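Thanks for making the time this morning. I would like to walk you through one model, and please stop me whenever something needs a second look.

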Amino acid sequence: MSDFVDECQLHAKGGDGGAGCVSFRRESHVPRGGPDGGDGGHGGDVWVVADRNVASLLAFRDFPFRRATDGGHGQGRKRHGRNGADELVHVPEGTIVRDRDGAVLADLVHAGDRWLAAQGGRGGRGNVRFASNRMRAPHFAEQSEPGEERWLGLELKLMADVALVGFPNAGKSTFISAVSAARPKVASYPFTTLTPSLGVVRLDDGSGIDADSFEMVIADVPGLIEGAAQGRGLGHQFLRHVERARVLMIMADLAEVADRDPHEQVDVLLGELELHDPALAARRRLVVGTKADVAHLSWDGPRLSAVTGEGVAPVLGQLRDLVSEARQIDEAPAQYVVHRPEPTGVTVLRLADGVFEIEGRQARRAVALSDLTDPAALAWAQRRLEKLGVSRALARNGAQSGDLVRIGDFEFTYEPDT
């Protein structure tokens, strides 16, 4: 089974908040001690973090669940519960985060880029928070708020300076194994390469001084065939890894056993790249003929043999020039996050069964954090909903006496204000 995974699902669950405490002072010689219940701690957040030490999304294939720590409950003597620890989800550089509908939420390009995947729940307030001249001894506290929970899609696009593009068995894996420490599987049959691999190539000026060395990252992707952009062959699912390469190295097979003329190979490969992403047609590229040691087909461009080493050094020199130029001119892909703040206030939705549903985080919190079995807590929640304008919003939307209203898991019968 392959150790490289470039698509997976992630289930992120923020930590639940801790519940507030109901407590009263119990001290000698202090009659009728007041409330002293502490607040619950906030739940931890789940963050997706780009890490250059992570090579693929393999860790999520069999276990996609990541959960942050819950907050601690409040205690007496105004002692607050501890906050939950954040959960850091490490992914490779170049990982894209999508929602369940496929919309891009974040693109984590550089090491250290992070995105909030699931927010932890807020801790409930202890009863000391509700003490006032009107309510000297509140016997209720807020409950804990559950952490945010959702499924996300992760997609990896490799970050490379050079991407090797060619038909199956064109010599891409042999080339990258000859010029770097990468060791992809090499065999004489097509579709030997089933997963992408990265290799680091170090070049110097011959002086032996490491400070003058030049490094570039080369990506070997499975071979393409005609119709790859429409889903044919094995390489189509890895075309995304070509998108971020600064330079494309198009490799034409010059061996006699090749099914196509090398010039026709190049035309087909460029056509497939353009169909996948039109921007790739204008990408810097170097076109070379491979297998020069057994070449039998006509070719007037650069050629190399990764087996004998013929032409490898000049090709690497040309790649170095193209990559250097691209690094100076091109801007590196920027990390971005799509911010979609939750609307403020309350929104009333009328469902098909005639139920009115109230949307809005503040309204949900007013009932979710309150112990509605306690009359005083229920009265506080009602006052909070009135301040948010829930009754007015229901009246504007045509609610009548006796209609069922739902806020989160809480339901009640609507009665208009008199």
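I will take the sheet and its helices, then a helix pair, and finish with a single lysine.

Please keep in mind throughout that this is a predicted model. Let me begin with the open sheet, in which five strands follow the order β10-β11-β9-β12-β13 with mixed pairing, and in which the edge positions are taken by β10, residues 197-203, and β13, residues 284-290, each pairing on one side only. From one strand to the next, the twist averages 25°. Strand β12, residues 247-253, pairs with β13 in the parallel sense over seven bridges, and within β13 it is Arg285 that serves as the bridge partner of Leu248.

Two helices lie across these strands. Helix α1, residues 172-179, lies across β9, β10, β11 and β12 and runs at about 155° to β11, while helix α2, residues 262-276, lies across β9, β12 and β13 and runs at about 145° to β12.

Turning to the helix pair, α4, residues 361-368, packs with α5, residues 375-388, at an angle of about 170° and with the axes 9 Å apart, and the two are therefore roughly antiparallel to each other. From α4 the contact draws on Gln362, Ala363, Ala366 and Val367, and from α5 on Trp380, Ala381, Arg384, Leu385 and Leu388; these residues divide into seven nonpolar, one polar and one charged.

Finally, is Lys13, which sits in strand β1, buried or exposed? At 10% relative accessibility Lys13 counts as buried, and its side chain makes a polar contact of 2.7 Å with the side chain of Asp16. Further along the sequence, Lys13 touches residues including Arg66, Arg67, Glu148 and Glu149.

Key
Residues numbered from 1 in each chain as written. Predicted model: local features only at pLDDT ≥ 70, side-chain atom pairs only at ≥ 80, totals over all residues. Heavy atoms only, no water. Buried < 20%, exposed > 50% of the residue type's maximum accessible area, 1.4 Å probe, protein only. Polar contact = N/O pair within 3.5 Å; in protein donor to acceptor, adjacent residues only side chain to side chain. Contact = heavy atoms within 4.5 Å. Axes fitted to C-alpha atoms, helices over the stretch in contact; angles between N-to-C directions. Helix = DSSP H or I, 4+ residues; strand = E, 2+ residues; numbered from the N terminus. Parallel < 35°, antiparallel > 145°, perpendicular 65-115°, else oblique. Nonpolar A, V, L, I, M, F, W, Y, C, P; charged D, E, K, R; others polar. Pairing = 2+ DSSP bridges. Lists of a residue's contacts leave out its neighbours within four places in sequence.
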